[in-house]
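Colleague: Hey, have you got a minute to walk me through this one? I'd like to go slowly.

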Amino acid sequence: GFCIIDGHKEKIGNFKIEPPSLFRGRGEHPKMGMLKKRVMPEDVLINCSKDSKFPQPPPGHKWKEIRHDNTVTWLASWTENVQGQVKYVMLNPSSKLKGEKDMQKYETARKLAHSIEKIRKEYREDWKSKEMRIRQRSVALYFIDKLALRAGNEKDEDQADTVGCCSLRVEHIQLHEEKDGKQHVVVFDFLGKDSIRYYNEVPVEKRVFKNLQLFMEGKKGSDDLFDRLNTLILNKHLNELMEGLTAKVFRTYNASWTLQEQLRELTDPEYSLPEMILAYNRANRAVAILCN
C-alpha cells in the first residue's frame, strides 16, 4: 500500500488488520487463549487530510470516524478487544518521516557522546550519597549504562510479568562476594521485553555491590529492589543532565559505540566484499548481545 504525504508517495507499513484468532501474547501471558474478535469498519478511525479522497468502507458499513490530524503519523487506528490497546496503520520504516525520527534519535545519542564522561563521574559520586533515593538512582543508571538494560515500566496484573531496570525485584538478582574467580558478582535472572529471559553474571564495582546489599536489606523476594525509583523519576533526572536525554538514549549510544568499536577491530581495508559483510554481521551480533 501507498499514501501521499507532503506531495510524496510513501510506502505504508502494515496495511492489513489481523483476522479473528486466539490471543497468544509473549511468554506466559495471563490473557493467553482469549478470543481476538473481528475488527469491523465501524471500529476503525481513518486519518487523512481534509482535501484527500479517503478509502470507502465495504458496502453496508461506515468508518467509526474520519479524522484530519496532521500532528500524528498514523493513517488508521482501532482498539483491539483483548488488552484494550490502540493499534495503528503506520508508515513503512523506509519512509521520510520515519527516517527523520531515526536521525533525530541518533543525533541525541551523538550529543550524549560529549557529556557521557561527566554523567558517569556524577553517578559514581552519587553512590556515596546520604540520600537513599539518589543512591538507588545512581546504581540503576550504572546498570542502564554498563549493561544496556531497558528502564522498564510498571505493569498491570493482566499483563505479562516482564521487568526492566527500575522495576527489578529482589528475587531477580543474586549477590556473590566471589564467583568463578571473579569478585563482587551480580547474577541477573528475569523476563525482559517480549518475555525473553535475561540471564547475566556481571562483576560490578565494590561500592555498587555494597549498595545492592543495602537496598536488599529486610526485603522479601517480591519487593522492589529500587523502591524509591521509577522510570519517570529517572528520565526527569536525565533530562536535567542533558536536554532530550532518556534511559533509551543510553541504549542507542552504547549500541552505536559498540558497533563502531567492533567494526574498527574486525575490518581491514584490504577485505573483499564477502569478508566485509561477514565482519559487519559479527559486529552487529556483538550489539545484539549487548542489547539483549
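Modeller: Sure. One term before we start: two residues are in contact when they have heavy atoms within 4.5 Å of each other. Also keep in mind that this is a predicted model.

Colleague: Okay, let's try that out. Which residues does threonine 252 touch, leaving out those up to four places away in sequence?

Modeller: Leaving those out, Thr252 touches Lys105, Tyr106 and Ala109. Threonine 252 itself is found in helix α6.

Colleague: And is Thr252 buried or exposed?

Modeller: Buried, because its relative accessible area is 11% and the cut-off for buried is under 20%.

Colleague: Let's zoom out. How is the protein divided into domains?

Modeller: There's domain 1 (2–92), then domain 2 (97–248), then domain 3 (250–291).

Colleague: What goes on between domain 2 and domain 3? How many residues are in contact there?

Modeller: On the domain 2 side it's 21 residues, and they are in contact with eight residues of domain 3. The two domains bury about 1200 Å² between them, and 62% of that is on carbon and sulfur atoms. In domain 2, the residues that lose the most area to domain 3 are Ala148, Arg150 and Lys248, together 34% of what that side buries.

Colleague: How many salt bridges cross that interface?

Modeller: Zero by the rule. There are six residue pairs in polar contact between domain 2 and domain 3, though.

Colleague: Which elements give two or more residues to the domain 2 side?

Modeller: Those are α1 (96–113), α2 (116–126), α3 (132–147) and α6 (247–266). The residues on that side divide into 14 nonpolar, one polar and six charged.

Colleague: New topic, then. How many salt bridges does the count come to for the model?

Modeller: The count comes to 18. As background, side chains of opposite charge can pair when their charged atoms come close.

Colleague: Give me an example. What does arginine 120 form a salt bridge with?

Modeller: Aspartate 145 is one partner, with the closest N and O atoms 2.7 Å apart. That pair links distant parts of the chain: Arg120 is in helix α2 and Asp145 in helix α3, 25 residues apart. Arginine 120 also forms a salt bridge with glutamate 117, where the closest N and O atoms are 3.3 Å apart. Glu117 and Arg120 both lie in helix α2, three residues apart, which is about one turn of the helix. So Glu117, Arg120 and Asp145 are linked in a network of salt bridges.

Colleague: Are the two acidic partners buried or exposed?

Modeller: One of each! Glutamate 117 is exposed, at 55% relative accessible area, whereas aspartate 145 is buried, at 5%.

Colleague: What about aspartate 126, which residue does that one pair with?

Modeller: Asp126 forms a salt bridge with arginine 137, the closest N and O atoms being 3.8 Å apart. Aspartate 126 is in helix α2 and arginine 137 in helix α3, so the pair ties together parts that are 11 residues apart in sequence. Asp126 is buried, with 18% relative accessible area, and Arg137 counts as buried too, at 12%.

Colleague: Last one: where is lysine 179?

Modeller: Lysine 179 is in strand β9 (residues 173–179). With a relative accessible area of 23%, Lys179 is partly exposed. Not counting residues up to four places away in sequence, Lys179 touches Val185, Val187 and Glu201. The C-alpha atom of lysine 179 is separated from that of isoleucine 12 by 51 Å, and the two are 167 residues apart along the chain.

Terms used
Residues numbered from 1 in each chain as written. Predicted model: local features only at pLDDT ≥ 70, side-chain atom pairs only at ≥ 80, totals over all residues. Heavy atoms only, no water. Domains from an automatic or database assignment. Buried area = accessible area lost by both parts, 1.4 Å probe. Salt bridge = Lys/Arg side-chain N within 4 Å of Asp/Glu carboxyl O. Polar contact = N/O pair within 3.5 Å; in protein donor to acceptor, adjacent residues only side chain to side chain. Helix = DSSP H or I, 4+ residues; strand = E, 2+ residues; numbered from the N terminus. Nonpolar A, V, L, I, M, F, W, Y, C, P; charged D, E, K, R; others polar. Buried < 20%, exposed > 50% of the residue type's maximum accessible area, 1.4 Å probe, protein only.
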